[in-house]
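User: I have a structure open and want to know what stands behind the labels used for it. Please set each value against its cut-off and then conclude.

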Amino acid sequence: ASRLGILIKGPETLESAHGVETIVLDKTGTLTAGTMSVSAVRPAEGVGERELLAAAAGLERGSEHPIAKAIVALARERGIEPETVESVAARAGNGVEGRLDGRRIVAGTPRWLAEDGVEGASGLSGDPGASVVGVALEGSLLGVFDIRDAVRPESAAAVAELKSLGLRPVLATGDNEAAAAAVAAEVDIDDVRAGILPEGKVGIVEELRAAGQKVAMVGDGVNDAAALAGADLSIAMGSGADVAKEAADITVVNSDIRSVGAAIRISAQTLRIIKENLAWAFGYNVVAIPVAVAGFIVPGIAAAAMASSSVIVVANSLRLRRA
C-alpha cells in the first residue's frame with residue numbers, strides 16, 4: 001500500500017474497507033486536479049476589469065481555496081495590485097467576506113450572494129462546466145468570474161474500477177449543477193448532488209447509511225472533514241487540508257484517485273488471505289497434533305513440519321505484494 005501512496009490508519013480499517021457499498025466523491029481536488037484557472041472575467045456595468053480584479057484578489061489572497069488562488073494568480077499575471085481588504089472571514093461552502101475601505105465586500109456562489117440580497121445574483125450563470133463566483137460591494141454586484149478546473153485524466157478509469165468492485169459512486173459538490181453535471185458526464189457518474197453545503201455532505205452520508213448502505217467518503221478540503229468523520233470509511237487526498245487528513249481512515253498521499261480503488265481491493269485481498277491462513281493453520285494443527293501425540297512422527301520431523309507451516313503462511317501473505 002505504501003508503494004502505491006496509500007497510508008492506512010490501522011488494521012481495523014484495512015480489514016473493514018472491503019465492505020463498502022456506496023462511495024461519495026467530492027469534486028474539486030478529488031475527481032478534478034484542484035488547479036483552477038479563470039476562463040472569463042465579466043465586470044458589471046460601470047465597473048472596470050482592473051477594479052474588479054483588484055478588489056477580488058484583495059479579498060481572496062489569504063485563502064487556500066483553489067478558486068481564490070486562481071483569482072489571485074490572474075491579478076498577479078496581469079500586474080494588478082490587490083486592494084487592502086480587512087476583517088476577512090471565510091463562509092464554509094459559500095464564499096468569503098471582508099471590509100474594503102470600511103465597506104462590506106463578498107465573493108462567493110450566486111446562491112449565497114442572492115441570499116445576501118445582492119441584486120441580480122440569482123440569475124448569474126457562466127460557461128457550460130464552469131464554476132461561477134460573484135463579487136459584490138455593499139450589496140452591489142461588481143462582476144463575475146468563470147472558473148474552470150480540469151478533470152484528472154485518471155478519474156474516469158478510477159470510477160470505472162470502483163464500479164467493477166461493486167461500489168455505487170455518488171458525486172457531491174458545492175459547485176453549481178452545470179459544472180457538476182459536466183464532470184459527472186466525463187467520469188460516468190449518474191448520481192449527482194450539486195450546490196451542497198458542508199453540512200449537506202454530512203446529510204448525504206447519513207441518508208445513505210440510514211438506507212442500510214455502508215458508505216465511504218472521499219474528499220480533500222476543510223468542507224469535507226465532517227462528512228469524512230461521519231462515514232463508515234473515510235479517504236482523504238494527500239494534497240488536501242490537514243483537518244481532512246486527520247479525520248480520514250485512509251490518506252492517498254500522491255492524490256491519485258486510482259489509489260482509492262486500490263485501497264479497497266487490497267483490503268478485500270487482505271481479509272481473504274487472513275482467512276486462508278487461519279484455515280490452513282487450524283486444519284494443519286487439527287491433523288498434525290494428534291498424529292504427533294500418537295507417536296507416528298518423531299519430534300524432529302514435527303518441528304520441521306511446523307516450520308514449513310509458518311513458511312507457507314508467510315508465502316501466502318506475500319501474494320498481497322501483487323494486489
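**Labels and their grounds**

Analyst: In this predicted model, D188 is partly exposed, with a relative accessible area of 46%.

User: Why is D188 called partly exposed and not exposed?

Analyst: Exposed requires over 50% and buried under 20%. D188 has 46%, so the residue falls in between and is called partly exposed. D188 sits in the loop between helix 7 and strand 10. Its phi is near 65 degrees, a positive value in a residue other than glycine.

User: What makes D188 and K163 a salt bridge?

Analyst: The cut-off is a side-chain nitrogen of Lys or Arg within 4 Å of a carboxyl oxygen of Asp or Glu. The closest N and O atoms of D188 and K163 are 3.1 Å apart, so the pair qualifies. The pair links distant parts of the chain, with K163 in helix 6 (residues 155-164) and D188 in the loop that follows helix 7 (177-187), 25 residues apart. K163 has 33% relative accessibility and counts as partly exposed.

User: How do you know that R319 and E276 form a salt bridge?

Analyst: Their side chains meet at 2.8 Å, N to O, and the limit is 4 Å, so the label applies. R319 lies in the segment after helix 12 and E276 in helix 11, so this salt bridge ties together parts that are 43 residues apart in sequence. R319, at 33% relative accessibility, is partly exposed, and E276, at 31%, is partly exposed too.

User: Which residues are joined into one network by salt bridges that share partners?

Analyst: R91, E97, R104 and D116 are joined in that way. The whole structure holds 18 salt bridges.

User: What makes D146 buried, and R42 partly exposed?

Analyst: Buried means under 20% relative accessible area. D146 has 1%, so D146 is buried. R42 has 34%, which is in the range between buried and exposed, so R42 is partly exposed. The two form a salt bridge, with the closest N and O atoms 2.8 Å apart. D146 lies in strand 8 (residues 140-151) and R42 in strand 3 (residues 32-43), so the pair ties together parts that are 104 residues apart in sequence.

User: How do you know that strand 3 and strand 8 pair, and in which sense?

Analyst: Pairing needs at least two bridges. Strand 3 and strand 8 have eight, so they count as paired, in the antiparallel sense. Within this pairing, A40 stands opposite D146. Both strands belong to an open sheet of six strands in the order 3-8-7-6-5-4, with antiparallel pairing.

User: Why are strand 3 and strand 4 called edges of that sheet?

Analyst: Each has a single partner strand, so one side of each is left without a neighbour in the sheet. From one strand to the next, the twist averages 20 degrees.

User: What does R148 in strand 8 touch?

Analyst: Leaving aside residues up to four places away in sequence, R148 touches T35, M36, S37, S39, D127, P128, G129 and A130. R148 has a relative accessible area of 33%, so R148 counts as partly exposed.

User: Why is strand 12 described as largely enclosed?

Analyst: Five of the five residues of strand 12 (residues 233-237) are buried, so the rest of the structure largely encloses this strand. Both faces are covered: L233, I235 and M237 are buried on one side, S234 and A236 on the other. Strand 12 runs parallel to strand 11 (residues 215-219), and four bridges join the two. V218 has I235 as its bridge partner.

User: What makes helix 11 roughly antiparallel to helix 12?

Analyst: The axes of helix 11 (residues 258-293) and helix 12 (residues 299-317) cross at roughly 170 degrees and come within 9 Å. Angles over 145 degrees count as roughly antiparallel, so the label holds. The residues of the contact divide into eight nonpolar, five polar and one charged. Among those that meet are I273, W280 and Y284 in helix 11, and M306, I312 and V313 in helix 12.

User: Why is S255 called buried?

Analyst: Its relative accessible area is 6%, and the cut-off is under 20%, so S255 is buried. S255 is in the loop between strand 13 (250-252) and helix 11. Its phi is near 60 degrees, a positive value in a residue other than glycine.

Terms used
Residues numbered from 1 in each chain as written. Predicted model: local features only at pLDDT ≥ 70, side-chain atom pairs only at ≥ 80, totals over all residues. Heavy atoms only, no water. Axes fitted to C-alpha atoms, helices over the stretch in contact; angles between N-to-C directions. Parallel < 35°, antiparallel > 145°, perpendicular 65-115°, else oblique. Contact = heavy atoms within 4.5 Å. Nonpolar A, V, L, I, M, F, W, Y, C, P; charged D, E, K, R; others polar. Buried < 20%, exposed > 50% of the residue type's maximum accessible area, 1.4 Å probe, protein only.
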